Amino acid sequence: MKIRGNQQMLREINKSLLLNLIYLHGPISRVELARLTKLSPTTVSVLVEETIKEGIIHETGTTGSGVGRKMTMLNINAENGYVIGIDLSRESSRFMMLNLRGDIVRTETMDCFIGEDALREKLPLAIDHFLNQQNINHDFIKWMGLAVPGIIDEEQKTIIGSKYLKVRNFPIKTNLSERFNIPIHIVNDIEAAGFAERFSGAAKGKSTIVYILIDYGTGAGFVMNNQIYRGATSQAGRIGDFHPYGIDALYQRLIVDYQDKLIEGDKEATIEKFTQLALDGIEPYTEDMNSIIHKVAKYCGNVIQLLNPEQLILSGWIAANEMLAKRLTELIHEYEDGSENPTPVNTSHWKDEGPAIGAATLGLYEMFKTKTVR
């Protein structure tokens with residue numbers, strides 16, 4: 001029994017290794033797979049045929065010319081499954097569907113879901129609506145990830161606390177699992193956005209990064225040696241000093257301090273106007289903005305000195321304006337204390353879509369990662 005179990009485990013590991021290589025390098029031939037994995041051509045052929053029958057990969061044609069034998073190429077069967085990401089961290093919740101290659105199939109924005117009643121009753125209805133719009137069999141949905149602002153328990157089932165969503169100890173995964181026969185996973189919104197950047201964005205290929213968000217939510221996400229660092233009580237990355245710069249708090253202060261001089265109809269447009277006036281050198285907006293970015297830059301510089309990451313990523317309204325992001329980057333390097341090789345600072349690739357993309361692509365990562373012996 002043990003031998004059979006070990007053989008099955010080895011088979012699953014080898015199969016996942018092949019699948020991972022096809023995902024990363026497809027289209028790719030069986031010959032190349034055998035070369036990269038050091039598995040026998042027979043083993044590769046058997047496992048590939050098994051995976052083709054499961055519908056996860058397919059043959060996409062041949063390569064080669066002349067009289068030599070042509071090689072059949074393999075790739076992920078992109079339309080044979082989908083992953084969904086839902087971002088609950090903004091005023092307009094974002095729903096995204098990706099195919100198995102990570103291509104965005106559909107995006108839809110809906111109202112926010114604030115409070116237990118909205119999360120318990122309205123969110124499932126919104127998910128139903130989104131799924132029904134796709135005209136696909138629900139069996140093709142392989143993963144549904146929710147990016148949630150706030151603190152989540154270690155089992156990633158319960159929102160321990162979220163100021164934005166106005167809930168405490170809310171069992172969101174249990175509530176949704178009772179309604180949908182789909183694998184459901186909960187992740188912190190900043191962690192999701194940071195993962196999106198590592199998986200297919202500005203930090204692709206990096207193993208140690210710091211992700212800074214200043215938008216509706218504020219905070220930091222840390223990845224060290226490819227492991228998310230959450231701290232002893234899962235609260236690493238909380239930055240109380242950044243709270244006044246979140247969109248809601250900053251908007252409220254601006255309309256009080258400057259009354260009707262800045263109001264542009266909505267919060268984001270008002271902050272965009274404030275940013276532009278500051279960059280144009282108009283006082284008192286320039287002095288106000290300088291105070292904000294100096295405080296942000298000092299924190300970032302200190303974190304860089306402490307953790308020595310490969311890269312720091314800025315996201316949210318603070319990074320939306322190219323000129324402002326450039327000025328902030330220069331200040332961060334100054335606060336980094338004159339390093340001869342300053343740490344690269346980049347703005348996020350996915351921007352507002354980051355949390356939803358990350359919540360979805362976590363599913364692709366789990367599906368196509370190489371399994372290991374536990």
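The chain holds 12 helices and 16 strands, where helices (H or I, at least four residues) and strands (E, at least two) are DSSP runs numbered from the N terminus. This is a predicted model, in which local features need pLDDT of at least 70 and side-chain atom pairs count only at pLDDT 80 or more, while totals for chains, interfaces and linings use all residues. Residues are numbered from 1 along each chain as its sequence is written, and side-chain values use heavy atoms, with hydrogens and water left out.

**Whole chain**

With the full chain displayed, its C-alpha atoms fill a box of roughly 75 × 55 × 45 Å along the principal axes. Of the 374 residues, 47% count as buried, a term that means under 20% relative accessible area, with exposed being over 50% and partly exposed in between (1.4 Å probe, protein chains only). Among contacts (heavy atoms within 4.5 Å) between residues at least 6 apart in sequence, 61% join residues at least 24 apart.

**The five-stranded sheet**

Select next the open sheet whose five strands follow the order 14-13-12-15-16 with mixed pairing; two strands pair if DSSP finds at least two bridges between them. At its edges are strand 14 (227-229) and strand 16 (345-347), each of which pairs on one side only, and the twist averages 25° from one strand to the next.

Starting from strand 14, its pairing with strand 13 (residues 218-224) is antiparallel and spans three bridges, and there V223 stands opposite I228 of strand 14. Moving to strand 12 and strand 15, one finds a parallel pairing over six bridges, in which L213 has S315 of strand 15 as its bridge partner. Strand 15 is in turn joined to strand 16 by three bridges, again in a parallel run, with T347 of strand 16 as the bridge partner of L314. Because six of the six residues of strand 15 are buried, this strand is largely enclosed by the rest of the structure.

Now add helix 6 (residues 189-200), which lies across strand 12 (209-214), strand 13, strand 14 and strand 15 (311-316), and runs at about 125° to strand 12. Such angles run from 0 to 180 degrees between N-to-C directions, and axes are lines fitted to C-alpha atoms, for helices over the stretch in contact.

**F242**

Select F242 in the loop between strand 14 and helix 7 (247-257). F242 is buried, with a relative accessible area of 1%, and, not counting residues up to four places away in sequence, F242 touches I212, I214, T218, K295, V296 and Y299. The C-alpha atoms of F242 and G219 are separated by 7.3 Å, although these residues are 23 apart along the chain.

**Helix 8 and helix 9**

Turn to helix 8 (residues 267-279) and helix 9 (residues 285-307), whose axes come within 7 Å and cross at roughly 105°. The two helices are therefore roughly perpendicular to each other, the label for angles of 65 to 115 degrees. Helix 8 contributes F274, T275, L277 and A278 to the contact, and helix 9 contributes Y285, T286, D288, M289 and I292.

**S16**

Finish in helix 1 (residues 2-25), where S16 is found. S16 is buried, with a relative accessible area of 6%, and, leaving aside neighbours within four places in sequence, S16 is in contact with F368, K369, T370 and K371. The side chain of S16 reaches the backbone nitrogen of K371 at 2.8 Å.

Key. Parallel < 35°, antiparallel > 145°, perpendicular 65-115°, else oblique. Polar contact = N/O pair within 3.5 Å; in protein donor to acceptor, adjacent residues only side chain to side chain.
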